[in-house]
Amino acid sequence: MNNTLTFGQQSFMNSSVATKQTAEQHVTPEMQAQEQVWAMAAQKGDSAAFMNIVDAYQRPVYNLCYRMLGDTTEAEDAAQETFLRAYTKLKTYNADRKLSSWLLSIASHYCIDRLRKKRYQMVSWDELPPWQAVADKKPQPEEAALTHERHDTVHQLLDTLPEDYRAATVLRYWYEMSYDEIAETLETSVSAIKSRLFRARQMLAEAVETQ
Amino acid sequence: MMNDKYTEKISEWFDNELNPDEVAELQAHLAGCSTCRQTYESMQHVHTLLLGAAAHVAAPDQGFVQRFESRLAWRQAHKPWHIWVALGALLVGTLLFWSAWAISGGLLLVNAGGSALDANVLYQGVMIIFESAASLRTFVNICLLLWKTGLFLISQPLIWLLIITSVCATWLWLRILQLLSRRPAKSIELTL
Ligand SMILES: [Zn+2]
């Protein structure tokens, strides 16, 4: 009986350590001090300061959009829209909050809305603004370097989840957020996040089996 | 998948949200419950897949900031005029619809053999709606009036045509508004 117990803290801890490279990894304390300076300047109308913010956070924001939407063109558009929204509601930004978490919150809500709208949408005659022609459908160099099967598997799996569950899962795995942080980002309760992640895992496990 | 009170704990364990006592308790339970062990194993598989995928952070194409700057400039150049045009069109459309509705209703009443008094009643009804609803009595009166007019109007084919047209028109307006609201340009302030 004992030799069937392949689970345990040991194996689990090992796999957990492997996540240390997360989407937020490059946010150092100096950067956090710097971001507050930029945020304050941008709030006072300094648009160059806002461009610094865009530059510094394009990657975590883009990655979130990409994991949510599963498509590079849509991710580019969603990331751009996230920063536009941030720009328009800059006055509501409260310096007590990490800028990254504020931006990720905007991005999550935007992507959730977008996925919901997509579900109800029949025609997409509004989906072709002039700038969309700029972004090509070509894969990212980094994405191309990934083993394709594995990468596609995970995206297909994520695709089976409802938007809210997907957001919780992405924030948990790519951003290593705790339940508290995810709840704050998605503006919901910790117990809701707990059950979303649980349900997400159940659904993903079922999806793996049918794959 | 069968669940017991430990099933959800398995998920929390993966998220490092259990204290050592809870972990020990869960491990003891897993040793004896094959259902939970199966759940654990399938979730472990998913967990590993996700951890593998999460090691890679996707990055946008070069020039993201420049593209953002041009989009911002585009949004600021195309400020909310189109919202106001749409709202204006909506208002005019609604007024036209109401006028057509009231006029045809009145005409139908008169044509159906009623006197000018009937059209008058309709007119007064519309006025009541506009002055409306300070008291419940007014509200009940409006309902009664609408009910009576409704009963009569339903028998008129022209009214059916109007109803269908108005439903389509409303849908179209909602759709236009929805499309416009997707572009949050309206609240962008020019700070440049
Ligand atoms: Zn059990």
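Which helix gives the largest share of the lining of the second largest pocket? Hold that thought while we get set up.

**Before you click**

This is a predicted model, where local features need pLDDT of at least 70 and side-chain atom pairs count only at pLDDT 80 or more, while totals for chains, interfaces and linings use all residues. Residues are numbered from 1 along each chain as its sequence is written, chains are lettered from A and ligands numbered from 1 in the order in which they are written, and side-chain values use heavy atoms, with hydrogens and water left out.

**Stop 1: chain A**

Color chain A by secondary structure and you get 10 helices and zero strands. Helices here are DSSP runs of H or I with at least four residues, strands are runs of E with at least two, and both are numbered from the N terminus. Of the 211 residues in this chain, 53% are buried, where buried means under 20% relative accessible area, exposed means over 50%, and partly exposed is in between (1.4 Å probe, protein chains only).

Now select Glu163(A), in helix α8 (residues 163-174) of chain A. Buried or exposed? Glu163(A) is buried, because its relative accessible area is 8%. Show the contacts (heavy atoms within 4.5 Å): setting aside neighbours within four places in sequence, Glu163(A) touches Met68(A), Ile112(A), Leu115(A), Arg116(A) and Arg119(A).

**Stop 2: chain B**

Switch to chain B, which has eight helices and zero strands. Of its 192 residues, 35% are buried. Among its contacts between residues at least 6 apart in sequence, 58% join residues at least 24 apart.

Pick Lys9(B) in helix α1 (residues 7-14) of chain B. With a relative accessible area of 25%, Lys9(B) is partly exposed. Leave out residues up to four places away in sequence, and Lys9(B) is in contact with Leu18(B), Glu22(B) and Leu26(B). Try a C-alpha to C-alpha distance to Tyr40(B) as well: Lys9(B) and Tyr40(B) are 9.9 Å apart in space and 31 residues apart in sequence.

**Stop 3: the zinc ion**

Select the zinc ion and show Asp4(B), His29(B), Cys33(B) and Cys36(B) as sticks; these supply the protein donors, through OD, NE2, SG and SG in that order, at 2.0 to 2.3 Å. Donors are N, O and S atoms within 2.8 Å of the metal (3.2 Å for Na, K and Ca), and since water is not among the atoms, sites may look incomplete. Along the sequence, the donor residues follow the spacing D-x24-H-x3-C-x2-C.

Why is the arrangement tetrahedral? Because the four donor atoms subtend angles of 105 to 120 degrees around the zinc ion; four donors count as tetrahedral if all angles lie between 85 and 135 degrees. While you're here, click Cys33(B): this donor residue is buried, at 13% relative accessible area.

**Stop 4: the second largest pocket**

Back to the opening question: α8(B) gives six residues, the largest share of the lining. A pocket is an open set of points on a 1 Å grid over the protein atoms alone, where a 1.4 Å probe fits, with protein on both sides within 12 Å along at least five of seven lines; lining residues have an atom within 4 Å of a point.

This pocket has a volume of about 210 Å³, the volume being the space filled by probe spheres set on the points, with grid points joined across faces, edges and corners. Select α5 (81-111) and α8 (157-181) of chain B, the elements that each give two or more residues to the lining. Residues to label include Leu90(B), Phe97(B), Thr165(B) and Trp173(B).

Notes
Tetrahedral: all angles 85-135°; square planar, octahedral: opposite > 155°, others 65-115°.
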